[in-house]
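Please work through the following exercises with the sequence and the coordinates open beside you. Each task is followed by a solution that proceeds step by step.

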Amino acid sequence: MNVTQQTETFNNPETGAETGFARNLAFIIGIDNYQNGISPLKTAVNDAKKLVEVLRSKHQYQTWICLDNVATLSNLNQFLEEKLPAQVTENDRLLFYFAGHGVALNGDDGPVGYLIPQDAKLNETKSYLPMAKLHSALSKLPCRHFLGILDCCFAGAFRWSSTRDLITSPEVIYQEHYDRFIRDAAWQIITSSASDQKALDNFNLDTERGQVGNHSPFAAALLEALEGAADTYPPAKNGKQSGDGVITATELYLHLRDRVEIPTEKQRLRQTPGIWCLNKHDKGEYIFLSPSHKLNLPSAPPLDESKNPYRGLNSFEEEHSEIFFGRSKLVEKLQKFVKINPLTVVLGASGSGKSSLVKAGLIPKLKQEANNSFSPDGKMLASASDDSTVKLWDTTNGKEIKTLTEHINSVYGISFSPDGKMLASTSADSTVKLWDTTNGKEIKTLTEHTNTVWGISFSPDGKMLASASSDNTLKLWDVSTGKEIKTLTGHINSVYGISFSPHGKMLASASADKNVRLWRLDFDYLLRQGCNFVREYYKTNPPDNESDKHLCDGLGNF
């Protein structure tokens, strides 16, 4: 079999030590030259060649390349069943990439997907490579880490080839996370499209794969990501560049989703990338080291009682929602039931967790669901979501205008500025973001909070912003500069609700400490109060300087 093999040895002990693997291996397939009634493609081979270049030069991969006429069904089967098992060891990690045609058929348990080899014949499924067979062959390999990337129509059908749900990637990657990602098994698949894109039972196999310049939209985003664009967290701060030097498979997917789904939706065909874990996946995560950023991971913060998810016989309160695990399906079921039945009674045996389910599960979800905000003119609606996005909607036709994607964790609070030109959002990533509603671009990120930010409110004149956080504080911000004006302390538990008075001279806050506090922001009032003190003092202690007697002229009493 004439498969081009590029297996240069890279003597980089530092990289090997950081990744924990003896070799980085990649099997890259790209097919343009389809025949037998199947339309050729324009960019798949170019995508594959460029990916090989990036993997070799930026990430020290040794690659096998299978292009066009070499990518026949017999050659692919031979490589999967003989070559890879003979070459791949438990000390290696493997990346599998396919760029070409794909189709999906309706099956008993979901879509049945196929990759289309170069010598396939139109409508003859025996000449296709079943995704289930591909999954079976790959799963037999002994490597601890595997990442499959499929850029073809109906690629999402691979999900039905024996996969399970994806784990959530932490927003901050600590050194301990990184060590676990490498140590434990990681078997993940990223697909360029959903299982029904374009449509099930479609055998036209035309050129709908699309392109941007010399690459498909998905490949262009993938190449950009692997050159460092996906390494964006932590955000840039104090002159330091963004990123921590690590790109996990989950971070890679999020970058691909944002760069592919939104732009392609504006065209005639929406393309939705996906990510799943295979059955061999454990607690690991496939990772790339960012070529543009030195690895710089903080150590995990020390454990204390506030981070302990085990509370014994004590119930979880609302402020514990972030450490309330294991009952998400029941919370979702209860949430749907409450919508239909306003009066709902939760019954159960003593100690079964009824209170925790309601206080730490249901109530935060209902609050989050209520996080919608209309623009002042009523023409736009903003919605916050647990998927880390904010969406802007046109209320006249119900269509989505923009998806705002820079948060890296659940978004809880949103508020339009009084003139409707800006939107503020808060998130579990501990930030407040300001957005331009005309173009959906991020204006500023406010980063001084140290825990989840919940409530957000503009002052009536739009010059000031107030935010409420689980760090027990409220913060006042100057909207024009993004700088913190003041931190208001006094609550002894998470602060959730916040609101300016109509005249903007008072601020109200509501907290899990069961208190509502009113804060006076009328600086003229404070000045008059100070002058009263001065006048009272001067009655018994006349000033030496005559001009001091007139400091408070023009400022009346209360």
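The exercises below concern a predicted model, and they go from the whole chain to single residues.

**Exercise 1. The chain as a whole**

Task: Describe the secondary structure, burial and contacts of the chain, and state how many disulfides the structure holds.

Solution: Begin with the secondary structure, which comes to 10 helices and 28 strands. Next, consider burial: of the 558 residues in the chain, 48% are buried. The accessible surface comes to about 27,200 Å², and carbon and sulfur atoms contribute 50% of that area. Then turn to the contacts with a separation of 6 or more, of which 65% join residues that are 24 or more positions apart. Finally, the structure holds zero disulfides; as for individual cysteines, Cys143 is buried at a relative accessible area of 2%, and Cys277 is buried at 0%.

**Exercise 2. Confidence**

Task: Find the average pLDDT of the chain, and say where the pLDDT stays under 50.

Solution: The average over the chain is a pLDDT of 82, and 80% of the residues score at least 70. One stretch in which pLDDT stays under 50 is residues 5–17, for which the model has 18 contacts beyond four places in sequence. Another is residues 197–207, where the pLDDT is below 50 and the model shows 40 contacts beyond near neighbours in sequence. Where pLDDT is low, predicted coordinates should not be read in detail, so a list of contacts there calls for caution.

**Exercise 3. Helix α2**

Task: Check whether the length of helix α2 agrees with its number of residues, and list which of its residues are buried.

Solution: Helix α2 covers residues 44–59, which is 16 residues. The expected span takes 1.5 Å times one less than the number of residues, so that α2 should span 22 Å. The C-alpha atoms at its ends are 21 Å apart, which agrees with that expectation. As for burial, the residues of α2 that are buried are Ala44, Val45, Asp47, Ala48, Leu51, Val52, Val54, Leu55 and His59. Just after the helix, Gln60 takes a positive phi of about 60°.

**Exercise 4. The nonpolar cores**

Task: Which residues have the most contacts inside the largest nonpolar core, and which helix gives the largest share of this core?

Solution: The largest nonpolar core has 74 residues, and those with the most contacts inside it are Leu84, Leu95, Tyr97, Leu252 and Phe288. Helix α6 (residues 217–229) supplies the largest share of this core, namely seven residues. A second, separate core has 12 residues, among them Met464, Leu476, Trp519 and Leu521. To see the surroundings of one residue of the largest core, take Phe288, which, residues up to four places away in sequence being left out, touches Leu55, His59, Tyr61, Leu95, Leu147, Leu226, Gly245, Val246, Ile247 and Leu252. Two of these partners, Leu55 and His59, were listed above as buried residues of α2. As background, nonpolar side chains in soluble globular proteins tend to be buried together.

**Exercise 5. Ser427 and Ser501**

Task: Locate Ser427 and Ser501, and state their contacts beyond four places in sequence.

Solution: Ser427 belongs to strand β19 (residues 422–427) and is buried, with a relative accessible area of 0%. Its contacts are with His407, Asn409, Ser410, Val411, Tyr412, Thr452 and Val453. Ser501, by contrast, is found in the loop between β26 (495–500) and β27 (506–511); because its relative accessibility of 14% is under the 20% limit, Ser501 counts as buried. Ser501 is in contact with Pro460 and Met506, and its C-alpha atom is separated by 9.8 Å from that of Leu521, which is 20 residues away along the chain.

**Exercise 6. Three loop residues**

Task: Decide whether Asn123, Ser388 and Gly490 count as buried, partly exposed or exposed.

Solution: Asn123 lies in the loop between β6 (110–115) and β7 (129–130), has a phi near 70°, and counts as exposed at 54% relative accessibility. Ser388 sits in the loop between β15 (380–384) and β16 (390–394); its phi is positive, about 75°, and at 16% relative accessibility Ser388 counts as buried. Gly490, in the loop between β25 (484–488) and β26, counts as partly exposed at 31%. Beyond four places in sequence, Gly490 is in contact with Arg517 and Trp519, the latter being a residue of the second core.

Methods
Residues numbered from 1 in each chain as written. Heavy atoms only, no water. Helix = DSSP H or I, 4+ residues; strand = E, 2+ residues; numbered from the N terminus. Buried < 20%, exposed > 50% of the residue type's maximum accessible area, 1.4 Å probe, protein only. Contact = heavy atoms within 4.5 Å. Areas by Shrake-Rupley, 256 points an atom, 1.4 Å probe, with all protein chains shown as cover. pLDDT = per-residue confidence, 0-100. Disulfide = S-S within 2.5 Å. Core = buried A, V, L, I, M, F, W, Y, C linked by side-chain atoms within 4.5 Å.
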